[in-house]
Amino acid sequence: MFKHEDGIGHKLGWGSRPALLVIDVCIAYWSKGCNLDLSHNPEAVDSPESMKRLVKAARAGKVPVIWAQVRYNHPTMKDAGVQILKSKTIEVWQEGDTRGFDAWVPGLEAEPEDTVIFKRNPSAFFGTTLQTELQLMGIDTLVMCGVSTSGCVRASTMDAICYGFKPMVS
């Protein structure tokens with residue numbers, strides 16, 4: 001049996017150069033009629049306002065803001081790999097989808113100075129330039145927020161640790 005004092009469960013703490021990583025925030029999650037709608041969950045309804053406060057604080061503190069957005073551009077979703085076999089709902093992120101569910105949430109849009117990463121998998125790191133871009137900015141700590149905490153935020157958090165970043169899930 002492991003005990004806390006044996007080294008399990010220690011807090012990583014903050015590094016000296018944080019960035020805010022906003023994962024998969026789009027109107028699909030707050031749109032009636034979309035299979036991804038979370039409006040029935042009170043915490044999900046409140047989350048855009050929390051994320052807006054995080055983004056505002058990051059920008060005020062000159063902390064880089066990075067957006068990880070899902071995007072598929074192959075007409076038959078081949079670039080979705082096995083994800084499309086698992087869940088057809090990801091078709092909302094296919095380039096050219098006319099429903100518009102992939103649109104930015106009002107008040108949660110990337111600004112010209114922000115970095116936008118397009119991803120095809122749960123992790124914002126897997127198959128993207130995120131790790132390189134963070135290293136070029138000298139980032140050592142990631143404040144993580146977004147949608148699907150048990151999926152995409154978790155996958156990105158685990159990969160952040162694997163790549164040597166200190167994740168702080170908000």
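Biologist: What volume does the second largest pocket have?

Modeller: Rolling a probe the size of a water molecule over the atoms shows where empty space is left. Here the second largest pocket has a volume of about 260 Å³, where a pocket is an open set of points on a 1 Å grid over the protein atoms alone, reachable by a 1.4 Å probe, with protein on both sides within 12 Å along at least five of seven lines, and a volume is the space filled by probe spheres set on the points, which are joined across faces, edges and corners. This is a predicted model, in which local features need pLDDT of at least 70 and side-chain atom pairs count only at pLDDT 80 or more, while totals for chains, interfaces and linings use all residues. Residues are numbered from 1 along each chain as its sequence is written, and side-chain values use heavy atoms, with hydrogens and water left out.

Biologist: Which residues lie nearest the centre of the second largest pocket, and which elements supply its lining?

Modeller: Its lining (residues with an atom within 4 Å of a point) has 16 residues, and Ser-47, Met-51, Gly-146, Thr-149 and Ser-170 lie nearest the centre. Two or more residues each come from α1 (42–60), β4 (141–146) and α4, where helices (H or I, at least four residues) and strands (E, at least two) are DSSP runs numbered from the N terminus. Helix α1 gives the largest share, five residues. By class, this lining has ten nonpolar, six polar and no charged residues, counting Ala, Val, Leu, Ile, Met, Phe, Trp, Tyr, Cys and Pro as nonpolar, Asp, Glu, Lys and Arg as charged, and the others, Gly among them, as polar.

Biologist: How should I read the largest pocket, and what classes of residue form its lining?

Modeller: The largest pocket holds about 340 Å³ of space, and among its 18 lining residues Gln-83, Lys-86, Ile-90, Trp-93 and Cys-152 are the closest to its centre. Helices α2 (83–86) and α4 (149–162) each supply at least two lining residues, and the lining of the largest pocket divides into eight nonpolar, six polar and four charged residues.

Biologist: Trp-93 is aromatic, so how many aromatic pairs does the whole structure contain?

Modeller: A pair of aromatic rings is described by the distance of the centres and the angle of the planes. The search finds five pairs, taking rings of Phe, Tyr and Trp (its six-membered ring) with centres within 6.5 Å, and calling planes under 30 degrees apart stacked, over 60 edge-to-face and the rest tilted. Tyr-29 and Trp-93 form a tilted pair, 6.2 Å centre to centre with 40 degrees between the planes. Tyr-29 lies in the loop between β1 (18–23) and α1, and Trp-93 in the loop between α2 and β3, so the pair ties together parts that are 64 residues apart in sequence. Ring pairs also link Tyr-29, Trp-30 and Trp-93 into a cluster.

Biologist: Are Tyr-29 and Trp-93 buried or exposed?

Modeller: Tyr-29 is buried at 7% relative accessible area, and Trp-93 is buried at 6%, where buried means under 20%, exposed over 50% and partly exposed in between (1.4 Å probe, protein chains only).

Biologist: What is the order of the strands in the sheet?

Modeller: Strands of a sheet pair through backbone hydrogen bonds, either parallel or antiparallel. This open sheet of five strands runs β3-β2-β1-β4-β5 with parallel pairing, a pair needing at least two DSSP bridges. Strands β3 and β5 (166–169) stand at the edges with a single partner strand each, so one side of each is left without a neighbour in the sheet. Strand β2 (65–70) and β3 (115–119) pair over five bridges, with Ile-66 partnered by Thr-115 and Val-70 opposite Lys-119.
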